[in-house]
Amino acid sequence: MLHGIDISHYQAGLNVAGTGADFIICKATEGTGWVDQTMRGFAQATLTAGKLLGLYHFASGGNPRSEAEHYVSTVRPYIGRAILILDWEPTRHDLQDHAWVRAWLDEVYRLTGVRPWLYASASVLKNTDWTGTLGSDYGVWVAGYLTTRKNILGDVQLPATHRPRGKVTVAAYQYTSTGKVPGWAGRVDLDVAYMDKAGWTAYATPTNKPASKPAVKTTAARPGGGKLTVDGWFGKDSIRALQRVMGTPQDGVISSQPTVNKKYVPHATSGWGWVARGAKGSPAIKAWQKRIGTPADGYFGVNSVRATQKYVGAAQDGIAGKATMSAWQTWLNKH
């Protein structure tokens, strides 16, 4: 078992060499443009001290591939020397959006050859089954604080109450946010990793040849000379394209959709207005429903998904995943 801490700019000035930790996990990036100003200094100090390194990205809920590309471009000097991690916490996204998580993890793996970890709270990991999303491909770092206080580094077992739902590999456990380490007056997160140094190195080592450049995204010309990227993620650009074809205001928003329908459109990204109650529907969806011959209520639910799939030539399974959204984007580019 390894003992460690995770840090960010909030611990600027901490001397990692004197903490007594076996590993240091540093915040690297957030969203598609932000970089933690302490990451490079902490990372170099960690390696110089002969300690094990981890680097994490804080998800902001944008396009998962764009966030992955920003993260990889920032941490590239440490590929092969650091465990790569996605920090999945409450922000501008649905915490049960497994498709987003898998897309980010897969893109980082494609670009680096390294299988990242997923960091999330025990409550999130227990809410739904993560077997199909993570399986044996990606390790899990669980956050869930002990009821009996422990604020120093040491061996800690993951409580049964904090175990994730599904057949996943628990690689590490963050057991407190009020830890103490030598030479630092403030609080720090404390962690254990259920492996030895060789196991940590194995997680950090590429297991596949990384891609030399981002994936090629297919595009097609559409009237007016513009292009809509066919990537299977239906966000604001795709919504504007739909609104243009339907003749509705082009604000990039599918408004007032009932949250219960969200499970049918896992590849919907920015621009979808989900509401728990009082949904009124979207004019663009209503116009689209009229075109494809389904009841025009403005709600994009399972019946509208199937009608859309039939109309654009995708498999009619009632789930608007990557293949469906790509077919829809291709259709929009032709009209």
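Which residue follows helix 8, and is its phi positive or negative? In this predicted model, helix 8 is followed by G293, and the phi of G293 is positive, near 80 degrees. The helix that G293 follows is described first, together with the helices around it.

Helix 8 covers residues 283-292. At its start, the backbone nitrogen of A284 has a side-chain oxygen of S282 within 3.2 Å. Six residues of helix 8 are listed as buried, namely A284, I285, A287, W288, Q289 and I292. The packing partners of these buried residues are helix 7, strand 12, helix 9 and helix 10. Strand 12 spans residues 254-258 and contains S256. The phi of S256 is positive, about 50 degrees, although S256 is not a glycine. S256 counts as buried because its relative accessibility is 17%, and the cut-off for buried is under 20%.

Helix 9 runs over residues 302-312, and its buried residues are S304, V305, A307, T308, Q309 and V312. These buried residues pack against helix 8 and against helix 10, which spans residues 322-333. Helix 9, too, is followed by a glycine with positive phi: the residue is G313, and its phi is near 85 degrees.

Two packed helices are described by the angle between their axes and the distance between the axes. For helix 8 and helix 9, the angle is about 55 degrees and the axes are 10 Å apart. Helix 8 is therefore oblique to helix 9. The crossing in which helix 8 passes helix 9 is left-handed. On the side of helix 8, the residues that meet helix 9 are W288, Q289, R291 and I292, and on the side of helix 9 they are S304, A307, T308, Y311 and V312. By class, the residues of this contact are 5 nonpolar, 3 polar and 1 charged. Of the residues of helix 8 in the contact, W288, Q289 and I292 are also listed among the buried residues of that helix. In helix 9, the contact residues S304, A307, T308 and V312 are likewise listed as buried.

A second helix pair is formed by helix 7, residues 236-246, and helix 10, whose axes come within 10 Å and cross at roughly 45 degrees. Helix 7 and helix 10 are therefore oblique to each other. Helix 7 passes helix 10 in a crossing that is left-handed. Helix 7 contributes S238, A241, L242, R244 and V245 to the contact, while helix 10 contributes W328, Q329, W331 and L332. The residues of the contact of helix 7 with helix 10 comprise 6 nonpolar, 2 polar and 1 charged.

N333 is also part of helix 10. With a relative accessible area of 1%, N333 is buried. N333 and T229 are 104 residues apart along the chain, and their C-alpha atoms are separated by 9.0 Å.

Further residues were examined in other parts of the chain. T112 belongs to helix 3, which covers residues 98-112. Its relative accessible area is 2%, so T112 is buried. The side chain of T112 reaches the backbone nitrogen of V114 at a distance of 3.0 Å. When neighbours within four places in sequence are left aside, the contacts of T112 are V72, I79, L84, P206, N208 and P210.

T46 lies in helix 1, residues 39-48. The relative accessibility of T46 is 0%, and T46 therefore counts as buried. Apart from neighbours within four places in sequence, T46 is in contact with V16, I24, K51, L52 and L53.

W34 is located in strand 3, which consists of residues 34-35. Because its relative accessibility is 32%, W34 counts as partly exposed. Not counting residues up to four places away in sequence, W34 touches H9, K27, A28, T29 and H70. From W34 to A172 the separation is 138 residues in sequence and 26 Å in space, C-alpha to C-alpha.

Note on methods
Residues are numbered from 1 along each chain as its sequence is written. This is a predicted model: local features need pLDDT of at least 70, side-chain atom pairs count only at pLDDT 80 or more; totals for chains, interfaces and linings use all residues. Side-chain values use heavy atoms; hydrogens and water are left out. Buried means under 20% relative accessible area, exposed over 50%, partly exposed in between (1.4 Å probe, protein chains only). Helices (H or I, at least four residues) and strands (E, at least two) are DSSP runs, numbered from the N terminus. Contact means heavy atoms within 4.5 Å. Axes are lines fitted to C-alpha atoms, for helices over the stretch in contact, and angles run from 0 to 180 degrees between N-to-C directions. Angles under 35 degrees count as roughly parallel, over 145 as roughly antiparallel, 65 to 115 as roughly perpendicular and the rest as oblique. A crossing is left-handed if the near helix is turned anticlockwise from the far one by less than a right angle, and right-handed if clockwise. Ala, Val, Leu, Ile, Met, Phe, Trp, Tyr, Cys and Pro count as nonpolar, Asp, Glu, Lys and Arg as charged, and the others, Gly among them, as polar. A polar contact is a pair of N or O atoms within 3.5 Å; within protein, one must be able to donate a hydrogen and the other to accept it, and residues adjacent in sequence count only if both atoms are side-chain atoms.
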